[in-house]
Amino acid sequence: MKTIDYIALILVIIGAINWGLIGFLGFDLVRVVFGDMTLVSRIVYAVIGICGLYALSFFGRLRNDA
């Protein structure tokens, strides 16, 4: 399961960087790389969103480790 955790964490970080670029510079990296709401860009946004939801499970596991 650790591999999935690392992949999810990396994608959540990429999503956070993209949102930071949008907020600070008005630059959407996903749109530039994959196009404006093309099927591929929608899939990228969906996968990153799913990884964000999966990352919520990290909180429960952190509580169990302490």
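**Exercise 1. Determine what share of the 66 residues of the protein chain counts as buried, and describe the overall form of the chain.**

Step 1. Buried means under 20% relative accessible area, exposed over 50%, and partly exposed in between (1.4 Å probe, protein chains only). Of the 66 residues, 18% count as buried. The model is a predicted one, in which local features need pLDDT of at least 70 and side-chain atom pairs count only at pLDDT 80 or more, while totals for chains, interfaces and linings use all residues. Residues are numbered from 1 along each chain as its sequence is written, and side-chain values use heavy atoms, with hydrogens and water left out.

Step 2. The protein chain has 4 helices and 0 strands, where helices (H or I, at least four residues) and strands (E, at least two) are DSSP runs numbered from the N terminus.

Step 3. The radius of gyration, taken over C-alpha atoms, is 14 Å, well over the 11 Å that the globule rule (2.2 Å times the number of residues to the power 0.38) gives for 66 residues, so the protein chain is more spread out than a compact globule. Along the principal axes, its C-alpha atoms fill a box of roughly 40 × 25 × 15 Å.

**Exercise 2. Characterise the packing of helix α1 against helix α3.**

Step 1. The axes of α1 (residues 2-25) and α3 (residues 39-55) come within 8 Å and cross at roughly 120°. Axes are lines fitted to C-alpha atoms, for helices over the stretch in contact, and angles run from 0 to 180 degrees between N-to-C directions.

Step 2. With contact meaning heavy atoms within 4.5 Å, residues of α1 including Ile4, Leu11 and Asn18 meet residues of α3 including Tyr45, Cys51 and Tyr54. By class, this contact has 11 nonpolar, 3 polar and 1 charged residues (Ala, Val, Leu, Ile, Met, Phe, Trp, Tyr, Cys and Pro count as nonpolar, Asp, Glu, Lys and Arg as charged, and the others, Gly among them, as polar).

**Exercise 3. Classify the aromatic pair of Tyr54 and Phe58, and state the exposure of each residue.**

Step 1. Rings of Phe, Tyr and Trp (its six-membered ring) pair if their centres lie within 6.5 Å; planes under 30 degrees apart count as stacked, over 60 as edge-to-face and the rest as tilted. The count comes to 1 aromatic pair.

Step 2. Tyr54 and Phe58 lie 6.0 Å centre to centre with 80° between the planes, an edge-to-face pair.

Step 3. Tyr54 is partly exposed at 25% relative accessible area, whereas Phe58 is buried at 19%.
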